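Work through the exercises below with the sequence and the coordinates at hand. Each task is followed by a solution in steps.

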2 protein chains.
Amino acid sequence: MKETKHIAIVGAGLVGSLLSIYLAKRGYKVSVYERRLDMRKHLIEGGRSINLALSNRGIRALEDVGMAEVLKQNAIPMHGRMIHDESGRLNFQPYGKTGQFINSVSRGGLNMVLMTEAEKHGVEFFFEHRCLAVDFSKTELTLQEYEAVKHKSFDLIIGSDGAFSAVRGAMQFTDRFEYQQTFIEHGYKELRIPASDSGDYLLEPNALHIWPRESFMLIALPNPDKTFTCTLFLPFEGPSSFAQLDSKENIQAFFEKHFSDAVTMMPTLQEDFRDNATASLVTIRCYPWVKNKTLLIGDASHGIVPFFGQGMNAGFEDCRVLNELLDQYEDKWKKVLPVFQELRKPDADAIAQLALDNFIEMRDLVADEDFILRKKIEAELHERYPDKWIPLYSRVTFRDDQRYSEALAVGKKQKEIMDRVMNTPDIKNKWTSINLEEIVNQLK
Amino acid sequence: MKETKHIAIVGAGLVGSLLSIYLAKRGYKVSVYERRLDMRKHLIEGGRSINLALSNRGIRALEDVGMAEVLKQNAIPMHGRMIHDESGRLNFQPYGKTGQFINSVSRGGLNMVLMTEAEKHGVEFFFEHRCLAVDFSKTELTLQEYEAVKHKSFDLIIGSDGAFSAVRGAMQFTDRFEYQQTFIEHGYKELRIPASDSGDYLLEPNALHIWPRESFMLIALPNPDKTFTCTLFLPFEGPSSFAQLDSKENIQAFFEKHFSDAVTMMPTLQEDFRDNATASLVTIRCYPWVKNKTLLIGDASHGIVPFFGQGMNAGFEDCRVLNELLDQYEDKWKKVLPVFQELRKPDADAIAQLALDNFIEMRDLVADEDFILRKKIEAELHERYPDKWIPLYSRVTFRDDQRYSEALAVGKKQKEIMDRVMNTPDIKNKWTSINLEEIVNQLK
């Protein structure tokens, strides 16, 4: 018999909704408390990104609850990066081998499908319920609905309430809770490329478009309605920064100078720039994730920057790993909770670092000749030794059987090896004749 | 005319109380809100350390408001460290030159004197007022007194509410607020050495006693009532740890083994150990310290570990520096606030680092032969070149004209030079004949 019967989940975002399905399927009574309105009934104001990249780790977690197929139907495959240089010239860089791709999905759409599926399994959602406080000794939530405040006890509380988690906020005032929130100097703003007059995509839809400009970048992901959601990543302050874009003229001149091809496809640039907030990018690191019978999961325990497209995937993987531990320990939460946090913390730290590192790669290196050659050699290595040499991007994105922490460690080794390869005199001309086996063997 | 008239200070601790005097003397209406009871009327339960080391930076800030003399009357000078080895042998290490000392003062006593002085200048204290929320755009506090909640607006709010600041807690949810709380693996517990039967000190009163044991330590500071307050610093977990001290027998055996001389002077060891909490030790780093017209000061903006005896001194120095900037900018807070945080942040970071470093020195190096020789050579250098070679400890403790950040930087240089000196072959026997001038000249 299970001792834990009634589980509260705080936060009905992507991770909370998926987790509620996992837990309902295991036979728990699950109540989900969400601060915002039900997005299936109300148009929710933005602030969060509109689309996300779903890749193998996320897909595997969705498969576990039988949700992968339905979600793939609305996903748009992106097979690689389409690099736009300052004069508008294009260069396509595949993400992996033929047939490997990531998926542009709608955050809202995915979230709504997951909530509706959860309800089919008996999960109850309580919207407009704000978590005010957590009593960790009593496993009790203080919840505010309009002006009414109520206290509710559970057998277990799970905080999946995102990077600015209220559950974690309460934990922070418990003793010896390690906590860090760090912002990068860049902010982001969402913009739009509409469909063409004939109702088609204005850019290649099966790619993630990048305009890398070293200290900043613009990216674009395709939507099913033939539009693209663009995101400008730019420092808040300094020479090229949001602070400088303080007039219509300055915005127009900046885009014309740096994104000459994109700007011609952005008729609502000025309105979008004015109406969409400039948001900040934070990394959250904390530990422990467990206090008594309360657990943090997803962004609440490890908020990361979006540059590896792994935020949602990491959160979904959290759910899968937790579910597997529940199998292994026969739903004995007392054993599962400490094992989960110890197992998962190094992976959360790894993907946080990888996400920060990948920003530099995206905005800077993808436009670099040496970088492109390096990618070519690595692709060749992967082609010839598919199980031995797996590029870091593929380890993170296309493998669901390798931990983030392992990907980070092997990726570091591979980088050292590739640094030496790239130092070979005249590598530009000689790369086709280098000894690939010798390179691969250095990995052992 | 001043635009800022009414200032709220949150927290009536040492820093808040001193700051209220500074501000009242400048002509501001000052209201101080304190969560706890008035300690002048009620015996407050412990949890905070009983005595503190007041040194030159703190004294200078007290002098500025005419309070240094009255406070020195109850202070006990400590001229150096009295090291106790495992067999109870003593070794005295002076802190500085003859006539240089730090002062053991009572936290509560000092706090009460400052509050009473503040009231003489018109400061109003509101006890049992808990800060629930801060509205940074309206400069408004939400305050709870018993069950009543009220909102109050001010021209300026200053959070001096310590390492677990409620004002900072509110700031943490504002955009791009950098924040980190990190605990060391050691906790601490306060214990007691009573006066002798004849009413005298059982140990030398004019010293800070240390029982350094590498991975842990015991210290003792003298009180005016001829007792000593001891503090045991010990890891929470591991082979020698609080976790191991889980029975009377284990506690007794641990103290007899490691603190053989001290334990004979601790008749209430078992009761003190049981009744006094094991507290944790945190370093708080955050930035910015200013949001609109709200400022963080003291531990609220830079909580540090106690091992350099500088927590209170740094907070008092904050007050002095702020006061000097108010002089310089003629009470134009709009100018003063950004200058204050930019000026003071590097010093806060420096003393946080120095405090962490000094723990290693205290528990480990002070018992080391090489360390003692190093200190001897440095003392000699300081004696011969008093303005050129000032040991790091003296820079931090006995100078009030050098910034913490400068002390840290010069201290690092001095350490490199001394590392080389200590590598001289047979330095043990040759140190009296080394060329001191050559050493000092390396500092240039």
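## Exercise 1: the neighbours of one strand

In chain A, β13(A) is joined to strand β16 (residues 228-235) by eight bridges, and the two run antiparallel. The model is a predicted one.

Task. Find the bridge partner of Ile193(A) in β16(A), and state in which sense β13(A) and strand β17 (residues 279-287) of chain A pair.

Solution.
1. Start from Ile193(A): its bridge partner in β16(A) is Phe228(A).
2. Turn to β17(A): β13(A) pairs with this strand in the antiparallel sense, over eight bridges.
3. Pick out a residue pair between them: Phe183(A) stands opposite Val282(A) in β17(A).
4. A general point applies here: strands of a sheet pair through backbone hydrogen bonds, either parallel or antiparallel.

## Exercise 2: across the chain boundary

Task. Determine how many bridges join strand β13 (residues 178-193) of chain A to β13(B), and describe the contact between the two chains.

Solution.
1. Count the bridges: three join β13(A) to β13(B), and these strands run antiparallel.
2. Locate a pair: Gln181(A) stands opposite Tyr179(B) in β13(B).
3. List the participants: 15 residues of chain B and 16 residues of chain A make up the contact.
4. Take the area: about 1700 Å² is buried between chain B and chain A, and carbon and sulfur atoms give 42% of it.
5. Check for polar links: eleven residue pairs are in polar contact between chain B and chain A, both residues being at pLDDT 80 or more. The count of salt bridges between the two chains is zero.
6. Assign the contributions: on the side of chain B that touches chain A, strand β13 (residues 178-193) of chain B gives the most, with seven residues. The residues of that side divide into six nonpolar, five polar and four charged.

## Exercise 3: the relation between the copies

Task. Which rotation superposes chain B on chain A, and which residue of chain B comes closest to the rotation axis?

Solution.
1. Superpose the chains: a rotation of 180° with 0.0 Å of shift along its axis places chain B on chain A, with RMSD 0.0 Å.
2. Interpret the operation: the two copies are therefore related as by a two-fold rotation axis.
3. Find the residue: Gln180(B) comes closest to the axis among the residues of chain B, at 2.1 Å (C-alpha).
4. Compare the surfaces: 100% of the contact residues of chain B recur in chain A, so that the same surface serves both copies.

## Exercise 4: an open sheet in chain B

Task. Which strands stand at the edges of the six-stranded open sheet of chain B?

Solution.
1. Write down the order: β8-β2-β1-β12-β19-β18 (chain B), with mixed pairing.
2. Read off the ends: β8 (124-126) and β18 (290-291) of chain B each have a single partner strand, so one side of each is left without a neighbour in the sheet.
3. Examine an inner pair: strand β1 (residues 6-10) and strand β12 (residues 156-159) of chain B run parallel and are joined by four bridges. Ile9(B) has Ile158(B) as its bridge partner in β12(B).

## Exercise 5: a salt bridge

Task. How far apart are the closest N and O atoms of Asp318(A) and Arg344(A)?

Solution.
1. Take the distance: the closest N and O atoms are 2.6 Å apart, and the two residues form a salt bridge.
2. Place the residues: Asp318(A) lies in helix α9 (residues 311-328) and Arg344(A) in helix α10 (residues 333-363) of chain A, 26 residues apart.
3. Set the pair in context: the whole structure holds 59 salt bridges over all chains.

Note on methods
Residues are numbered from 1 along each chain as its sequence is written. Chains are lettered from A and ligands numbered from 1 in the order in which they are written. This is a predicted model: local features need pLDDT of at least 70, side-chain atom pairs count only at pLDDT 80 or more; totals for chains, interfaces and linings use all residues. Side-chain values use heavy atoms; hydrogens and water are left out. Buried area is the accessible area (1.4 Å probe) that two parts lose on being put together, summed over both. A salt bridge is a side-chain nitrogen of Lys or Arg within 4 Å of a carboxyl oxygen of Asp or Glu. A polar contact is a pair of N or O atoms within 3.5 Å; within protein, one must be able to donate a hydrogen and the other to accept it, and residues adjacent in sequence count only if both atoms are side-chain atoms. Ala, Val, Leu, Ile, Met, Phe, Trp, Tyr, Cys and Pro count as nonpolar, Asp, Glu, Lys and Arg as charged, and the others, Gly among them, as polar. Two strands pair if DSSP finds at least two bridges between them. Copies are superposed by least squares on the C-alpha atoms of residues with pLDDT of at least 70 in both. Contact means heavy atoms within 4.5 Å.
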